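Hi,

Here is the structure I promised to pass on, with my notes underneath. Have a look at it first, then read on.

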Amino acid sequence: MLAQRLNATLQSLENVAIASHRPLPRLLAVSKTQTATAVATLAAAGQRAFGENYVQEAQAKIRALADAGLEWHLIGHLQSNKAEVAADLFDWVQTVDRLKLVAALARFRPPHRPPLNVLVQVNIDDEASKHGCAPEQVLELAAAIAQEPRLVLRGLMAIPTPHPDLESRRPAYRDMAVLFDTLVARHSSVDTLSMGMSDDFPLAIAEGATMVRIGTALFGPRAGKP
């Protein structure tokens, strides 16, 4: 079933990219709350990149699958007191939103590991309940990341307001694309705009997403969810 869902999702991404005249985005499988066994099954079907929300939950999973050659992304809010563990555990951190976190990740990234791939998380809709920096803070944060030899600035990430009307989400995605283009012009390492999930990835791709974060379409609804 997981392999079938993966194939169907990959086909959907390709169809949307072709219809939107956009490059095919990377698929990040959101594996939070999923077992290591489920991740291993999806990995056996060809999926390599997985996203986790919580450092502690991810730690056991990553250790259990250490020999699988997978790429692990932190896509949940990172508390500063967990930066040391995260800097060693993950290949990517998509939720960097403050200078303090930049310094901590750079300090704790082990020298034997490749530089940590970093995305700046943007609170594009200025939601009080959401993490992420303000759009006007992006360039400062990006410059700080780019100056750290143990970090690599790869781009931007956002979770726009989940308006029931999908079309109402489009302005946020367009604003993110403008920010992304600005960053690309300033930093040669920037290549990733992470936005879009199971319910709105066609819209995100049409507006320029280069990576989409898909959980439900791959693993099915989480326990307690409809």
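Searching the whole structure, which is a predicted model, turns up 12 salt bridges. A few of them are worth walking through.

Let me start with R170 and E167. Their closest N and O atoms are 2.5 Å apart, and the two form a salt bridge. How exposed are the two partners? R170 has a relative accessible area of 19%, and since the limit for buried is under 20%, R170 counts as buried. E167, at 45%, is partly exposed.

Next comes R169, which appears in two of the bridges I want to show you. One of them joins the side chains of R169 and D199, with 3.1 Å from N to O. This pair links distant parts of the chain, 30 residues apart. D199 sits in the loop between β7 (192–194) and α8 (201–206), while R169 sits in the loop between β6 (151–158) and α7 (170–186). R169 is buried, with a relative accessibility of 7%, whereas D199 is partly exposed at 44%.

The other bridge has D200 as the partner of R169, and here the N to O distance is 3.0 Å. Because D200 belongs to the loop between β7 and α8 and R169 to the loop between β6 and α7, this pair ties together parts that are 31 residues apart in sequence. Both D200 and R169 are buried. There is also a network: E167, R170, R174 and E207 are joined into one by salt bridges that share partners.

Now for the aromatic residues. How many aromatic pairs does a search of the whole structure find? It finds 1. The pair is F50 and W72, whose ring centres are 5.8 Å apart and whose planes are at 35°, so the pair is tilted. F50 is in strand β2 and W72 in strand β3, so the pair ties together parts that are 22 residues apart in sequence. Both rings belong to buried residues: F50 is buried, and W72 is too.

On to the helices, beginning with α3 (residues 55–64). Its buried residues include V55, A58, K61 and I62. Why do these four fall on the same side of α3? They cover an arc of only 130° around the axis, which puts them there together. On the other side of α3 you will find Q56, A60, R63 and A64, which are exposed. Among the elements covering the buried residues of α3 are α2 (36–44), β2 (49–52), β3 (71–74) and α4 (83–89). As you may recall, β2 and β3 are the strands that hold F50 and W72.

Helix α5 (residues 99–108) has buried residues as well, including L101, V102, A104, L105 and A106. The cover over them includes α4, β4 (92–96), β5 (116–122), α6 and β6.

That brings me to α6 (residues 138–146) and its packing against α7. Two packed helices are described by the angle between their axes and the distance between the axes. The axes of α6 and α7 come within 11 Å and cross at roughly 35°. The crossing in which α6 passes α7 is right-handed. On the α6 side, the contact is made by V138, L139 and A142; on the α7 side, by L179, T182, L183 and R186.

Finally, two single residues to click on. The first to look up is T9, which is found in helix α1 (residues 2–20). Is T9 buried or exposed? With a relative accessible area of 6%, T9 is buried. Leaving aside neighbours within four places in sequence, T9 is in contact with L27, I214, A217 and L218.

Then there is M197, in the loop between β7 and α8. M197 is partly exposed, its relative accessible area being 35%. Not counting residues up to four places away in sequence, M197 touches I159, R213 and I214. I214 therefore turns up beside T9 as well, as one of the contacts in that list. From M197 to K100 there are 97 residues in sequence and 28 Å in space, C-alpha to C-alpha.

Happy browsing, and best wishes!

Definitions and conventions: Residues are numbered from 1 along each chain as its sequence is written. This is a predicted model: local features need pLDDT of at least 70, side-chain atom pairs count only at pLDDT 80 or more; totals for chains, interfaces and linings use all residues. Side-chain values use heavy atoms; hydrogens and water are left out. A salt bridge is a side-chain nitrogen of Lys or Arg within 4 Å of a carboxyl oxygen of Asp or Glu. Buried means under 20% relative accessible area, exposed over 50%, partly exposed in between (1.4 Å probe, protein chains only). Helices (H or I, at least four residues) and strands (E, at least two) are DSSP runs, numbered from the N terminus. The arc is that of the directions from the helix axis to the C-beta atoms. Contact means heavy atoms within 4.5 Å. Rings of Phe, Tyr and Trp (its six-membered ring) pair if their centres lie within 6.5 Å; planes under 30 degrees apart count as stacked, over 60 as edge-to-face and the rest as tilted. Axes are lines fitted to C-alpha atoms, for helices over the stretch in contact, and angles run from 0 to 180 degrees between N-to-C directions. A crossing is left-handed if the near helix is turned anticlockwise from the far one by less than a right angle, and right-handed if clockwise.
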